[in-house]
Amino acid sequence: MAHAKTSYVCLPCRASYKQPYDTDRERICPRCAQPLIHVGSAFAAPRRRDTAAWRTLSVLLHAGVRFHKSCCGGPGFRPRTLGEVRERMTYARRSGEPFARSLVRPEVPSAPPRGRGERR
């Protein structure tokens with residue numbers, strides 16, 4: 001049985017490629033010859049001209065967030081704008097939550113959780 005295809009991206013070229021998944025082979029961008037990043041099978045690439053979306057994607061990928069299908073079909077929430085990324089970065093910094101976990105939160109609590117011993 002043939003393996004399903006999955007997505008790989010080149011951030012400098014703002015290009016996405018669907019190729020069969022193979023852990024033994026490194027994928028190279030046909031435009032710039034840099035290594036491609038495996039992003040997962042549930043990835044939908046932004047338009048090449050949408051620089052803000054590619055910057056958002058770059059932040060997600062550098063934080064280790066990928067777009068793999070879960071048991072329910074999709075990868076779950078992923079921020080689409082730099083504003084959503086900034087909001088989650090601020091929450092992570094204030095709450096101490098790992099950055100990658102904050103990025104995939106559907107909603108950000110209005111106030112970070114208080115530590116022990118803090119008074120109101």
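Which residues does leucine 11 touch, not counting residues up to four places away in sequence? Keep that in mind while you get your bearings; we'll come back to it shortly.

**The whole chain**

You're looking at a predicted model. Colour the protein chain by secondary structure and you'll find three helices and three strands. Follow the sequence along and the pattern reads β-β-β-α-α-α. Of the 120 residues in the chain, 28% are buried. If you switch on the surface, its accessible area comes to about 8400 Å², with 49% of that belonging to carbon and sulfur atoms. Contacts reach along the chain too: among those with a separation of 6 or more, 45% are between residues 24 or more positions apart.

**Leucine 11**

Now select leucine 11, which sits in the loop between strand 1 and strand 2. Buried or exposed? Leucine 11 counts as buried, because its relative accessibility is 17% and the cut-off for buried is under 20%. Show its surroundings and you have the reply to the opening question: leucine 11 touches Ile37, Trp54, Leu57, Ser58, Leu61 and His62, leaving aside residues up to four places away in sequence. For a distance to try in your viewer, pick the C-alpha atoms of leucine 11 and arginine 55: they are 8.8 Å apart, although 44 residues separate the two along the chain.

**Helix 1**

Next, select residues 51-62, which form helix 1. This helix has twelve residues and spans 16 Å from its first C-alpha to its last, close to the 16 Å expected at 1.5 Å a residue. Highlight Ala53, Trp54, Thr56, Leu57, Leu60 and Leu61, the buried residues of helix 1. Turn the model until you look down the axis of helix 1: the buried residues fall within an arc of 155°, so they line one face of the helix.

What covers those buried residues? The cover includes strand 1 (5-10), strand 2 (15-20), strand 3 (37-40), helix 2 (82-95) and helix 3 (99-103). Before moving on, click glycine 64, which follows helix 1 and has a positive phi, near 95°.

**The cores**

Last stop: show the side chains of Val9, Leu11, Val39, Phe43, Trp54, Leu57, Leu60, Leu61, Val65, Phe67, Val85 and Leu103, the twelve residues of the largest nonpolar core. Helix 1 gives this core its largest share, four residues. Then pick another colour for a second, separate core of seven residues, including Cys10, Ala15, Tyr17 and Leu36.

Conventions:
Residues numbered from 1 in each chain as written. Predicted model: local features only at pLDDT ≥ 70, side-chain atom pairs only at ≥ 80, totals over all residues. Heavy atoms only, no water. Helix = DSSP H or I, 4+ residues; strand = E, 2+ residues; numbered from the N terminus. Expected span 1.5 Å × (residues − 1). Buried < 20%, exposed > 50% of the residue type's maximum accessible area, 1.4 Å probe, protein only. Arc of directions from axis to C-beta. Contact = heavy atoms within 4.5 Å. Core = buried A, V, L, I, M, F, W, Y, C linked by side-chain atoms within 4.5 Å. Areas by Shrake-Rupley, 256 points an atom, 1.4 Å probe, with all protein chains shown as cover.
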